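Subject: Structure handover

Hello,

Here is the structure I said I would pass on. Please look it over before reading my notes.

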Amino acid sequence: MEDLNVKPAYKQVIAVWWRFFWRTALLQIILLVAGGFVINYLSKINPALSLLYVYIYHAMVITLIPLLVFWAVFGRKPRKSSLILVPMAVKRNSQNPKEMQVGFFRLLLSWWSYIWRYSALVIFSVIAIKQGLMLAGVNFAQGLFPPKWQMLCLNTICIPVSLLVFIILMRRKAKRRTFDVVQ
């Protein structure tokens with residue numbers, strides 16, 4: 001049995017995070033682009049609700065795709081790596097770390113611990129960037145910082161925020177750690 005007090009190394013955290021992040025990003029891009037066509041069609045039918053369609057669909061994709069990816073990644077060994085991502089509670093209760101089964105309730109708890117931190121940090125980052133640009137004298141109305149660059153800037157926030165959340169969840173003391181790695 002492994003020592004539960006040993007924290008995963010940053011290299012392990014980054015490897016596990018990348019395995020999670022690229023799947024999440026790819027699925028979100030595909031679903032958001034495909035959903036854009038559907039929302040465009042729906043907005044022609046009822047233009048008054050088009051913004052509501054966008055917000056609801058975007059929120060569903062951003063929150064439910066990580067749940068699907070966690071289900072695909074938890075407890076499974078990838079081809080070229082020996083690292084297996086598991087919830088810490090499953091690791092504590094398991095006799096054999098190689099045969100850990102993640103139940104649906106544990107999956108939901110792990111997803112929730114990730115998604116609320118991720119959402120809070122993204123919202124905070126967006127507000128901080130917008131306020132920082134306004135304080136720096138960047139005038140949005142005169143086109144000094146065009147909307148396409150604003151969206152690019154705000155959409156790239158998800159990469160460091162997702163990594164930061166994984167570091168927060170994996171590098172705490174064993175009693176408070178949410179995710180762990182089994183080799």
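The notes below go from the overall fold to helix packing, a surface patch and a few single residues.

The model is predicted, so local features need pLDDT of at least 70 and side-chain atom pairs count only at pLDDT 80 or more, while totals for chains, interfaces and linings use all residues. Residues are numbered from 1 along each chain as its sequence is written, and side-chain values use heavy atoms, with hydrogens and water left out.

Overall fold

The chain holds six helices and two strands. Both kinds of element are DSSP runs numbered from the N terminus, helices being H or I with at least four residues and strands E with at least two. Read from the N terminus, the order is α-α-β-α-α-α-α-β. The chain has 183 residues, of which 33% count as buried. Buried means under 20% relative accessible area, exposed means over 50%, and partly exposed lies in between, with a 1.4 Å probe and protein chains only.

Helix packing

Helix 1 (residues 10-45) has crossings with helix 2 and helix 6 to report. Axes here are lines fitted to C-alpha atoms, for helices over the stretch in contact, and angles run from 0 to 180 degrees between N-to-C directions. The axes of helix 1 and helix 2 come within 9 Å and cross at roughly 155°. Helix 1 is therefore roughly antiparallel to helix 2. By the cut-offs, angles under 35 degrees are roughly parallel, over 145 roughly antiparallel, 65 to 115 roughly perpendicular, and the rest oblique. The crossing of these two helices is right-handed, a term for a near helix turned clockwise from the far one by less than a right angle (anticlockwise is left-handed).

For helix 1 and helix 6 (residues 158-170), the axes come within 10 Å and the crossing angle is roughly 130°. That angle makes helix 1 oblique to helix 6. This crossing is right-handed.

Helix 2 and the surface patch

A nonpolar surface patch consists of Leu49, Leu52, Ile56, Met60 and Leu64, with about 430 Å² of accessible area together. Patch members have over 30% relative accessible area and no salt bridge; like charges are joined within 9 Å, and nonpolar side chains (Val, Leu, Ile, Met, Phe, Trp, Tyr) within 5 Å. A salt bridge is a side-chain nitrogen of Lys or Arg within 4 Å of a carboxyl oxygen of Asp or Glu. Accessible areas come from the Shrake-Rupley method with a 1.4 Å probe, and for residues only the protein chains shown count as cover.

Leucine 64 of this patch sits in helix 2 (residues 50-73) and is partly exposed because its relative accessibility is 43%. Tyrosine 57 is also in helix 2; at 24% relative accessibility, tyrosine 57 is partly exposed. Its C-alpha is 9.2 Å from that of glycine 36, with the two positions 21 residues apart in sequence numbering. Tryptophan 71, again in helix 2, is exposed at 51%. Tryptophan 71 and glycine 103 are 32 residues apart in sequence, and their C-alpha atoms are 9.5 Å apart.

Helix 4

Valine 122 belongs to helix 4 (residues 104-135) and is partly exposed, at 22% relative accessible area. From valine 122 to asparagine 155 is 33 residues in sequence and 9.5 Å between C-alpha atoms. Alanine 120 lies in helix 4 too and is partly exposed at 40%. Alanine 120 and valine 161 are 41 residues apart in sequence and 9.7 Å apart from C-alpha to C-alpha.

Regards
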